[in-house]
Amino acid sequence: MKLKVLLLGIGIIALSSCSAVKEYEKVYINDPDMVLGQKKIDRFETNFQAYREASAGANGGKTGGGCGCN
Amino acid sequence: MEEKLAEVAAVIKFKVMRKTYSLRCSILFILITSLTYAQDSTATYKKRVLESTEVDLLASYYSQEGNNAAVTGGLGTEELTDAAPTIVISIPMNDDDVLTIDGGISAYTSASSSNVNPFDGGDNPADPFVASTGASSNDVWGNLTGTYSHSSDDRNTIWTGKLSFSTEYDYTSFGFGGSFTKLFNEKNTEISLNGNVYLDSWKIIYPFELRPFTEGGQGINDFLFNAYPLLGNANYDPQFTELGEKRRNSYSLGLNLSQIFTQRLQGSLAVDLVLQDGLLSTPFQRVYFGNVEDTFIQNFQLADDVERLPSERLKLAIGGRLNYYLNEIFVLRSYYRFYIDDWGISSHTANIEVPVKISQSFTLYPSYRYYNQSASDYFAGYEQHFSTGDFYTSDFDLSEYNANQFGFGLKYTDIFTRFNIGGFGLKSIDLKYNYYERNTGLSANMIAGGFNFVMQ
């Protein structure tokens, strides 16, 4: 099952890469609210979550170290 | 004679034509050369990665309350407030390179930390649900991080290097790392690899009543046990040995894959693998055993031991984002993460945010986040552990629970940067409020604000 999901993911990416979105077509993609990374204002909540929760990482924030938190 | 004249005229005409042809060729050559040069110039023209210096002034205020403080063995006040001003300065060093300096402090007051020493001699008797006035009731964490990034001429390759230093009274951290990013497929696909190392060190602080049992201490003959009558078990003899480690190292490796799917849809997949070793417990967090008789001073139960956790932890986090531009008003931003580690914890995080553009200048950001986690193998609540165990903690941050977080934000954007202070134009203002609540009883409020300035 996991392998199928992985293959599906790779397939979607591979298919989408066949029809690349041109630079002049990226008006919506370049909207500031479409950014994939974490916004600067969100750093504080990511930090307190890293302190209060056992898990961290894969969100652009802390993964561990740098503080006496988890 | 006429024929000769005609022949001479033909020769002259041919020579003139040849010269004209040669001149045309030269002009054409120059034109082509110029054009080629111009084309080369076009090819090598590049937009600056960052046009001018940007400054972000950010701050947050956080407060929480709950009754499962880890410092008092899973039972006691968790009241805490934290104020964190931060400044981030991004400086373009040239067309390709950007230096970012990120500095901030986090000043907190913590009722539970204050009870590292609850015997402050104040008017109130020592009590895990009442804050003390000792030195550990507040602290300041300071951090300085420098990041240098270099982009290739075609902007398809990006290198970054990072150095960081942070410190607070009982904790010091030195970190370094870097990342390599490659864009291809007309910048529709991006792959990024990153690695970070943190070399941290504790200043060991034990709960006050355990300090007489450290090397050179007076044990039960210490002043503390003479100054206050012991209630319950009068033969207080904790099962306590000093921790043998002060350092805590963290090594992380991350992979990030981003993809533009359509003109309105893009997503990313991130994987972080983290290995930590050293002292992974917190030295001043108490544990009370169910099979040991209890001893009190006033209303405060004396520790049976400090929490003990393995010296290694391997964590794996896999997160995915999917953003969809619905129309000129709404954008859908979604996030999901699965986390697992070798302490027995697994968790799911789901987050959705729907930016609503109510005008050209104002955007609203309602958001909701759900989180749940299973308990660590080493967690049990107050008096639930046995002294025969190797590892134990009553830190509810490592317990099983679920949490809901509701957020609301507002952003003001001025693309003309009309408001100016000292040569810096105000580009945007962000405000955000979050309410966090988990089913163990802990709740928190957080408000954050940010001003983004750009040099004019």
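These are my notebook entries on chain B and on its contact with chain A.

**Entry 1: the model and the fold of chain B**

I began by reminding myself that this is a predicted model. I then looked up the secondary structure of chain B and found 3 helices and 23 strands. Next I checked how spread out the chain is. Its radius of gyration is 33 Å, whereas the globule rule gives 23 Å for 456 residues, so chain B is more spread out than a compact globule. The spans of the C-alpha trace of chain B along its principal axes are about 145 × 45 × 40 Å.

I also looked up burial, and 33% of the 456 residues of chain B count as buried. For contacts in chain B I took residues at least 6 apart in sequence, and 64% of these contacts join residues at least 24 apart.

**Entry 2: strand 16 and its two faces**

I picked strand 16 of chain B, residues 331-341, for a slower look. Which residues make up its covered face? I noted B:Val331, B:Arg333, B:Tyr335, B:Arg337, B:Tyr339 and B:Asp341 there. The uncovered face holds B:Leu332, B:Ser334, B:Tyr336, B:Phe338 and B:Ile340. I was glad to have both lists side by side, with arginines and an aspartate on the covered face and a phenylalanine on the uncovered one.

**Entry 3: the neighbours of strand 16**

I went to strand 15 of chain B, residues 312-325, which pairs with strand 16 in the antiparallel sense over 11 bridges. The hairpin that joins these two strands runs through 5 residues. I followed the pairing to B:Tyr325, which stands opposite B:Val331 of strand 16; B:Val331 belongs to the covered face.

Then I turned to strand 17 of chain B, residues 346-353. Its pairing with strand 16 is also antiparallel, over 8 bridges. What is the bridge partner of B:Phe338 in strand 17? I found B:His348, and B:Phe338 itself is on the uncovered face of strand 16. The hairpin of strands 16 and 17 has 4 residues between the strands, and in this hairpin B:Gly344 takes a positive phi near 90°.

**Entry 4: the contact with chain A**

Last, I looked up how many residues each chain brings to the contact: 33 from chain A and 64 from chain B. On the side of chain A that touches chain B, the elements giving two or more residues are helix 1 (2-18) and helix 2 (43-52). Helix 2 of chain A gives the most, with 4 residues. I sorted the residues on this side of chain A by type and noted 14 nonpolar, 11 polar and 8 charged.

Terms used: Residues numbered from 1 in each chain as written. Chains lettered and ligands numbered in written order. Predicted model: local features only at pLDDT ≥ 70, side-chain atom pairs only at ≥ 80, totals over all residues. Rg over C-alpha atoms; globule rule 2.2 N^0.38 Å. Buried ≥ 20, exposed ≤ 12 C-beta atoms within 10 Å, placed from the backbone. Contact = placed C-beta atoms within 7 Å. Pairing = 2+ DSSP bridges. Nonpolar A, V, L, I, M, F, W, Y, C, P; charged D, E, K, R; others polar.
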